[in-house]
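Here's a protein model to explore at your own pace. Have the viewer open while you read, and click on each residue as it comes up.

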Amino acid sequence: MVQFRGRDSSRPDFLQSLQVRTDVRYVGAVAGSAGCVAEIVMPSLVDIQWVIHEITLAFDVSAELFVATHTYTSGQDWLPATVNREIDVRQERLEAKLSREESTVLGLLLEDGRTSLSDLAAPIEKSESTARRILESLISREIVSFRVLVEPELLGFESSFWAWLNVEPSHLTAIGTELAAMKETKTLFATTGRYNLVGQFVLKFHTDMHAFMTDVLGSIAGIKASEIMMQTSTHKRVWNMVENSSYIGVSGPGWLFESSMPMPAQQNMNQTPLAGEDSGVD
């Protein structure tokens, strides 16, 4: 997770430069001490400093990094009162060996999570029943899981904000688990850096933030300091580029999106442009 500050940190051209980057998974403009917040995903952190240098080179911005060390809950699981949240997500390295057919099917699903069996079968020159078995195998091995992506404002949630929390290390697991279980919590990470717990939260109205800060965050023992940044616009979510609450295309890393069949990086993951009707694949 990265906070960008400086004169250009909320400029449309800077936000667009982040939006189209294949290593940026999420980007949102915020009101607070930073101009925007981004999530950068790489196979390793070896080149992270070079990536930040590359991002900031042409703009008057500075960056503060918070490396995610643990996921308490993921934004893809957020759909209030309709799904069970996955709490305290264990991040184990996936050592999956995929066949050519499996890689092709996975690449097609990343491009469009609703690809039909016939469209999965044709590129691998197999029958639909074989394509179904491959898909079922990917699901059973937890390589593929289907999620619904929805922009909160389309469900009547007008206020999204980021909370950066400095938590006593001995309380981190308990507080992370407690916050992750709340319906207001969209995403929650344990991180390194000035703050060690970072979360995105969603409320009906921005005036609800006062009660959340005082009655929720203020009542939890172990939180030493906090910083709140209200999200003013979303420009990318789970590699889906967002404009006016609608998904307009996908820009994701080749190491994740490319299968044995090359695919354009900018193609839309979902056929329907209206956010809230789109489904994607993790």
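## Helix α4 and its buried side

Start with helix α4, which covers residues 117–124. Keep in mind that you're looking at a predicted model. Which residues of this helix are buried? They are Leu-117, Leu-120, Ala-121 and Ile-124. Look down the axis of α4 and you'll see these buried residues fall within an arc of 95°, so they line one face of the helix.

What does that face pack against? The buried residues of α4 sit against two other helices, α3 (100–111) and α5 (128–140). Now step just past the end of α4: there, Glu-125 takes a positive phi of about 55°.

## Two nonpolar cores

Next, head for the largest nonpolar core, which has 20 residues. Some of its members touch the most others: Tyr-72, Phe-161, Leu-165, Leu-179, Leu-188, Leu-197 and Phe-212. Several elements give two or more residues to this core, namely β7, α6 (172–180), β8 (185–191), β9 (197–203) and α7 (209–216).

Phe-161 is a nice one to click on. Leaving aside residues up to four places away in sequence, Phe-161 touches a whole list of others, including Gly-199, Phe-201, Leu-203, Met-209, Phe-212, Ile-228 and Met-230. Apart from the largest core there's another core, made of 17 residues, and Val-2, Phe-4, Ile-40 and Val-61 are among them.

## Thr-73, at the end of a strand

Now find strand β5, residues 68–73, which includes Thr-73. Is Thr-73 buried or exposed? Buried means under 20% relative accessible area, and Thr-73 has 0% relative accessibility, so it counts as buried.

Thr-73 also shows how the chain folds back on itself in space: 115 residues separate Thr-73 from Leu-188 along the chain, yet their C-alpha atoms are 5.3 Å apart. You've already met Leu-188, one of the residues that touch the most other members of the largest nonpolar core.

## The second largest pocket

Last stop: the second largest pocket, with a volume of about 410 Å³. It's lined by 24 residues, and the closest to its centre are Glu-153, Gln-231, Thr-232, Ser-233 and Thr-234. The elements that give two or more residues to this lining are α1 (12–19), β7 (159–167), β10 (223–237) and β11 (240–243).

Which element gives the most to the lining? That's β10, with 7 residues. As for the kinds of residue, the lining of this pocket divides into 6 nonpolar, 13 polar and 5 charged.

Methods:
Residues are numbered from 1 along each chain as its sequence is written. This is a predicted model: local features need pLDDT of at least 70, side-chain atom pairs count only at pLDDT 80 or more; totals for chains, interfaces and linings use all residues. Side-chain values use heavy atoms; hydrogens and water are left out. Helices (H or I, at least four residues) and strands (E, at least two) are DSSP runs, numbered from the N terminus. Buried means under 20% relative accessible area, exposed over 50%, partly exposed in between (1.4 Å probe, protein chains only). On a 1 Å grid over the protein atoms alone, a cavity is a set of points where a 1.4 Å probe fits but cannot get out, and a pocket is an open set with protein on both sides within 12 Å along at least five of seven lines; lining residues have an atom within 4 Å of a point. Grid points are joined across faces, edges and corners, and a volume is the space filled by probe spheres set on the points. Ala, Val, Leu, Ile, Met, Phe, Trp, Tyr, Cys and Pro count as nonpolar, Asp, Glu, Lys and Arg as charged, and the others, Gly among them, as polar. A nonpolar core is a set of buried Ala, Val, Leu, Ile, Met, Phe, Trp, Tyr and Cys residues joined through side-chain atoms within 4.5 Å. Contact means heavy atoms within 4.5 Å. The arc is that of the directions from the helix axis to the C-beta atoms.
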